[in-house]
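Trainee: Could you take me carefully through a single part of this model, strand by strand, and then say what can be told about the ligand as well?

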Amino acid sequence: MSLPSATAYDLVVIGSGPTGSTYVREVYDQHATARILLLDAGPRLTDPPGTHVKNIPDPGQRARAQRDSEGPGPAGRPGTRLLGAPELPAAALSTNVGGMGAHWTGACPRPGDGERIGFIPDAEMDAHLTRAEQLLHVDAHAFDHAPFADEVRRRLSALLDPARPAHRRVAPMPLAVTTRSDGAHVWSGTDVVLGGAGADERVEIADRCLGLRVVMDGDTATGVVVRDVVTDEETTVAARAVVVAADALRTPQLLHASGIRPPALGRYLNDQPQIVYAVRLPDDVVAAHRAVTGRTRDEDGAIVPQSGVSWVPYTDAHPFHGQVMQLDASPVPLAGDIDVEPGTVVGLGWFCAKDITPDDRIEFTDTAADAYGLPAMRIHYRYSDRDLATIEQAKKAVAEAGAAVGIPLDDSPLLLPAGSSLHYQGTTRMGPVDDGTSVCDSHSRVWNTRGLWVAGNNVIPTATACNPTLTSVALAVRGAHALLDHLASMAERRI
Ligand code: FAD
């Protein structure tokens with residue numbers, strides 16, 4: 001792809017992950033004539049653009065698509081490159097059309113209790129979450145037949161549900177996946193979010209095009225400077241509205257590069273400490289389950305690697321989000337010649353809500369540049385005493401949950417390196433008022449600007465423990481309503 005074909009658009013969105021794509025889709029659906037430019041610094045991997053790489057059937061092509069998404073620097077999990085910050089050693093980014101949404105696991109739990117945003121009315125947020133579930137094709141029943149999933153949930157429920165309200169009990173994990181009529185699963189990437197917008201000429205997707213900075217005329221965003229990362233050519237496109245949806249690290253970076261530097265920019269960085277533990281269903285339980293269900297090993301449904309098949313929702317009383325996966329092989333060597341039946345090895349991941357502080361932050365410098373020529377980042381990040389106490393509590397909680405499910409395979413629960421959850425958030429967070437502790441309002445409009453929105457996990461102001469994408473897509477739905485109002489008011493002024 002070369003530089004954008006036109007010089008002016010109604011909307012320019014920088015970053016084509018799930019949140020940027022949500023703005024495109026909502027504006028496309030609700031504004032009959034809007035011309036939209038969607039920029040991404042990375043390559044287009046698939047046709048249609050933004051397809052989840054798990055849906056690429058050929059393993060060689062899939063591996064190539066993952067490599068092409070990694071960008072410059074040391075590789076992280078497939079499809080990502082490591083940020084390379086010692087304070088957040090596992091933090092990683094994807095650079096491709098679809099963003100991390102082409103690589104994600106698709107777990108889409110709704111936030112609850114203290115994860116919710118107090119200054120957005122519940123009914124409004126619930127409506128946004130419902131729309132986000134539609135956009136991402138979320139289904140909680142795609143793996144109802146996964147072997148032993150009901151047994152695992154029954155055991156977790158017995159331990160955890162008695163004190164919980166009905167809507168926060170142990171449940172199948174809502175996943176962004178569609179089950180085809182032949183039973184095959186299709187994972188939601190941003191092709192699903194974009195829908196018809198991805199193929200319409202009103203929407204232009206410019207890949208390998210870096211947003212270098214947002215052009216401001218006083219307090220008003222009027223366009224974007226774009227660089228073709230292959231040829232290094234640059235151009236400026238005009239826009240009536242700009243959305244920066246370039247992930248929780250690069251969104252504040254782009255605002256900084258554009259001279260938009262509110263005090264909270266890059267601060268309140270939080271990633272969810274993640275504890276893992278593995279157990280095995282006892283043999284007598286496996287045999288009894290087979291006797292009750294009458295199903296043989298061959299009749300069982302498929303196990304999907306790395307899928308959160310079951311969900312332990314966050315509550316204020318149990319302040320962890322539990323993602324429970326069932327594996328078809330043991331992650332650790334087992335003694336003797338134990339025959340592991342698919343689904344009987346259970347990986348429990350407990351995610352904690354981080355203690356949020358402005359001191360955890362990304363510092364940008366004007367005197368050094370990253371591989372894309374944007375301001376270099378330095379991460380400041382530490383676990384507070386409260387975090388260390390939460391992590392100990394989570395280890396205890398996951399060990400208890402593991403013991404309820406089966407026989408431990410690990411000596412003790414393990415804290416993964418900081419950044420592992422890939423759920424970093426908060427760096428352009430929203431707030432109810434402009435008091436210096438937030439970057440945008442509850443509609444994701446950057447304070448004291450006009451025509452400029454931010455999107456991504458970076459706008460989430462609370463310390464969530466659950467996987468955040470559903471929440472940030474819901475907040476993008478909310479922001480898009482305000483953006484549509486902005487476009488409508490500009491049109492009225494022109495008349
Ligand atoms: P991203 O998807 O990160 O997209 C940002 C895009 O911006 C990228 O494509 C990037 O190339 C582009 N960009 C950046 N800077 C610029 C620039 N200057 N100019 C142009 N383009 C730019 N979340 C969940 O909720 N549930 C899960 O189960 C889950 N599992 C995950 C598993 C894996 C392996 C990974 C990698 C992530 C997972 N996540 C999960 C995280 C989830 O994918 C992210 O929360 C989500 O993709 C964030 O969406 P986004 O639109 O904000 O940003």
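**A sheet and a ligand**

Mentor: Let us start with one pair of residues, in which Asp139 stands opposite Leu175 in E7. Please keep in mind throughout that this is a predicted model. The pair belongs to a wider arrangement, for strand E5, residues 138–139, is joined by two bridges to strand E7, residues 175–179, and these two strands run antiparallel.

Strand E7 has a further partner, since it also pairs in the antiparallel sense with strand E8, residues 185–187, this time over three bridges. If you follow the residues across this second pairing, you will find Thr178 opposite Val186 in E8, and you will also find Thr179 opposite His185 in E8. Between E7 and E8 there are five residues, and the two strands form a hairpin; in its turn sits Gly183, whose phi is positive, at about 90°.

Putting the pairings together, you have an open sheet of three strands in the order E5-E7-E8, with antiparallel pairing. The edge strands of this sheet are E5 and E8, each of which pairs on one side only.

Now let us turn to the ligand, which is surrounded by 36 residues, the closest being Thr19, Asp40, Gly211, Asn457 and Thr469. By type, the residues of this shell divide into 13 nonpolar, 19 polar and four charged. Among the elements that each supply at least two residues of the shell are helix H1 (18–30), strand E10 (209–217) and helix H6 (247–257), and of the contributors it is E10 that gives the most, with three residues.

The backbone takes part in contacts here too, and it is worth looking at three of them in turn. An oxygen atom of the ligand lies 2.9 Å from a polar backbone atom of Ala107, while a backbone N or O atom of Pro18 is 3.2 Å from an oxygen atom of the ligand. For Gly101, the distance between a polar backbone atom and an oxygen atom of the ligand is 3.5 Å. As for how far the ligand is covered, on its own it has 990 Å² of accessible area, and the protein covers 97% of that.

Lastly, you may wish to place an annotated region on the chain: an unreviewed UniProt entry carries the annotation "domain: Glucose-methanol-choline oxidoreductase C-terminal" for residues 366–476. Over residues 366–476 the chain is 26% helix and 15% strand, and the C-alpha atoms at the two ends are 30 Å apart.

How values were computed. Residues numbered from 1 in each chain as written. Predicted model: local features only at pLDDT ≥ 70, side-chain atom pairs only at ≥ 80, totals over all residues. Heavy atoms only, no water. UniProt positions renumbered as here; feature names shortened; annotations may be inferred. Helix = DSSP H or I, 4+ residues; strand = E, 2+ residues; numbered from the N terminus. Near = heavy atom within 4 Å. Polar contact = N/O pair within 3.5 Å; in protein donor to acceptor, adjacent residues only side chain to side chain. Areas by Shrake-Rupley, 256 points an atom, 1.4 Å probe, with all protein chains shown as cover. Nonpolar A, V, L, I, M, F, W, Y, C, P; charged D, E, K, R; others polar. Pairing = 2+ DSSP bridges.
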